[in-house]
Amino acid sequence: MRQWSFYTSNELKPEGWLRRQLEIQAEGLSGHLHEIWPDVRDSKWIGGDREGWERVPYWLDGFVPLAYLLEDEALIAAAKRYIDAILAAQEEDGWICPCPKARRKFYDTWAVQLISKTLKVYYDCSGDERIPEVLYRILKNYHDLLQSGEIRLFGWAKYRWFETFIALNFLWERYHEDWMKALARTLRDQGYDYRRAVKSWQTPRHLWLRKTHIVNIAMMLKSEAVSHELLGEPYTDLSEKLRETLARYNGTAYEGFTGDEVLSGIDPTRGTELCSVVEQMFSYEILFAHTGDAKWAERLELLAFNALPATLSEDMWTHQYVQMVNQIACQRTMRMAPFSTNGPEAHLFGLEPNFGCCTANFSQGWPKLALSAFLHREETILCSVLLPSVLKDRGVTIRLESGYPFKNEARFTIDADRAFTFCIRIPSFAQGLTVNGENHPGGTVEMKIGPGHTEIDVQFGTVPMLKQRPNGLFALQAGSLLFSVPISYKKQAREYVKRGVERKAPYCDYSFIPTTDWNYAFGATEFEISRQEISDIPFSQAAPPVTAKAVMRQIDWGLKFPYRTVCRKTPKSIAPLSAGREVALIPYGCARLRMTEMPLLKEER
Ligand SMILES: [Zn+2]
């Protein structure tokens, strides 16, 4: 019943600003992690003595598509070295993780699930024909060990059981063997059922639990979509029901959830872990492809164009463990951090602030988004996100020139030697849509394309709107972009060595110390959008591609006790301290320090 299939990195390539973003990623930490970070450079996965569990597969899950999308020979060669070493270590019985036989019982097999998913990604990119058999042996062995009771799901594997289905579905389509269905059932039966957790999502507790763990939850959102067919169960849109509770009690303005690192309630000064941003994006990419329901693509855009860039430095050498929606500083706090279970450095930009999972895992964000721009089904091609790309599909070439989401226009140039149906998903917020100059009601544009040359010009407008948030606050949104008051900052670098891991520029810790006011409220409900050229750094704070001029007034907002670098959840007073003044708000994703959710004062006459 899957609606749409993904293209491979051979068929679909990023262009324009998106390609530039991937180049920045390759020039930054993702493209160099294997040279500088011991847990990847010297991992047990490749015969070293460092971490031999999730970090290498997490990194490869994004590094592999990054390398292939950019057709970067050096990166492809580096990826192959890792894959070759991993494959060479596969044991006779199919087991592939770096864990001796006697220890398997105690090994959290989340790594088995993750490496199988990563090898499927590698297969999609490389077409390496060793992979189907390697995956067959990994999962057959997993099945045998679980079936015999030699191992059981516990720890992370129990809470992430559905991740296995990325590879398991691939094997099922290819081999159709009964043990695959049996493994599906075993995983589901031994795995955690998140429907049982719903009550615990309604009140934040300062307690580290796997059922309220933000990354588990972000991954879980795709569980029904990936597993129901093999389990022989109907699709019930369970993700939507679960998401509703999560959003009501923990939602953020960008369609994510607070989790630092367990769910932490509705509060723009609580943190959201980077791993959860990229995992939630991947879940929504799967959900949209599986259901064709536009709501998942719209939510994906909000995460991708706001939460992802905001929490990565402009050069992509450093990242935060957690980001805040109202983030007035990124500085070490006192020992009691303003987060549930994360430490006082969790919102610094660095190599591995708080913990190193995101260091490896964030790599998948941009590459997998690039691979979600176009989808296909039989003789139909769908442009699902208006990202600049070029697609080559059996005699059809489609080039999409677009500055979306910064500009609301897209130009498709199609050269085809066959006929096909072409669909373009238009976001629901689009106003005054025209296709080749003619008015169109919106939704999905569908047209029959014949052989030959075709050009399609799509234009629409977006209306900047204040979206109501809880606690009497509002956030400005135009299209898929949120806008924030940018706070200028002074960057302070700290180089040091911790547990044998060197942190030196450009991948040391950075504090961002605010140098401009942030205590604002919206003073009017009219906004003026202006667009500039997209610079070499698409999400640049100094040169944002779009700004929204707003009338803002200063208020007595106040600091969250006892911190000097965290603002209060809601302002102390909304009595204006200043007359209205024009402030250029910039995209949330461009603003490393920012105020996003603010009160709306009565308009001045
Ligand atoms: Zn993480």
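Helix 4 passes helix 5 in a left-handed crossing. This is a predicted model, and that crossing is a good place to enter it. Helix 4 covers residues 55-69 and helix 5 covers residues 73-88. Their axes come within 9 Å and cross at roughly 145°.

Look at the side chains next. Helix 4 brings V56, L60, F63, V64, L66, A67 and Y68 to the contact. Helix 5 answers with L75, I76, A79 and Y82. Sort these residues by character, and the contact holds 11 nonpolar, no polar and no charged ones.

Now move along the chain to the sheet. It is an open sheet of 7 strands, with antiparallel pairing. Read across it and the order is 2-7-8-9-14-11-12. Which strands stand at the edges? They are strand 2 (12-14) and strand 12 (438-439). Each has a single partner strand, so one side of each is left without a neighbour in the sheet. Strands of a sheet pair through backbone hydrogen bonds, either parallel or antiparallel.

Walk through part of that order, starting at strand 7. Strand 7 takes in residues 389-393 and runs antiparallel to strand 8, with 5 bridges joining them. One of the pairings sets S389 opposite its bridge partner L400 in strand 8. The hairpin of strand 7 and strand 8 has 2 residues between the strands. There, R394 takes a positive phi near 40°.

Strand 8, residues 396-402, also pairs with strand 9. The two are antiparallel over 7 bridges. A hairpin of 6 residues joins strand 8 to strand 9. Two bridge partners show how they line up. T397 has D415 of strand 9 as its partner, and R399 has T413.

Strand 9, residues 409-416, has strand 14 as a partner too. Strand 14 spans residues 452-461, and the pair is antiparallel over 8 bridges. In strand 14, V458 is the bridge partner of A410, while T454 is the bridge partner of I414.

What about the two faces? In a regular strand the side chains alternate between the two faces of the sheet. Strand 9 shows this alternation. A410, F412, I414 and A416 point to one face and are buried. E409, R411, T413 and D415 point to the other and are not buried. Strand 8 has two faces as well. Its covered face carries V396, I398, L400 and S402. Its uncovered face carries T397, R399 and E401. Recall the bridge partners: R399 on the uncovered face is matched with T413, which is not buried.

Next, pick out a single residue, S372. Where is S372 found? It lies in the loop between helix 17 (365-370) and strand 5 (374-377). Is S372 buried or exposed? S372 is buried, because 25 other C-beta atoms lie within 10 Å, and 20 or more is the cut-off for buried. Leave out residues up to four places away in sequence, and S372 touches E285, S384 and V385. K211 makes another landmark. S372 and K211 are 161 residues apart along the chain, and their C-alpha atoms are separated by 29 Å.

Finally, step back to the domains. The domain assignment of the protein gives domain 1 as 375-404 + 409-461. Domain 2 is 467-595. Taken over C-alpha atoms, 35 Å separate the centres of domain 1 and domain 2.

Definitions and conventions
Residues numbered from 1 in each chain as written. Predicted model: local features only at pLDDT ≥ 70, side-chain atom pairs only at ≥ 80, totals over all residues. Domains from an automatic or database assignment. Axes fitted to C-alpha atoms, helices over the stretch in contact; angles between N-to-C directions. Helix = DSSP H or I, 4+ residues; strand = E, 2+ residues; numbered from the N terminus. Left-handed = near helix turned anticlockwise from the far one by under 90°. Contact = placed C-beta atoms within 7 Å. Nonpolar A, V, L, I, M, F, W, Y, C, P; charged D, E, K, R; others polar. Buried ≥ 20, exposed ≤ 12 C-beta atoms within 10 Å, placed from the backbone. Pairing = 2+ DSSP bridges.
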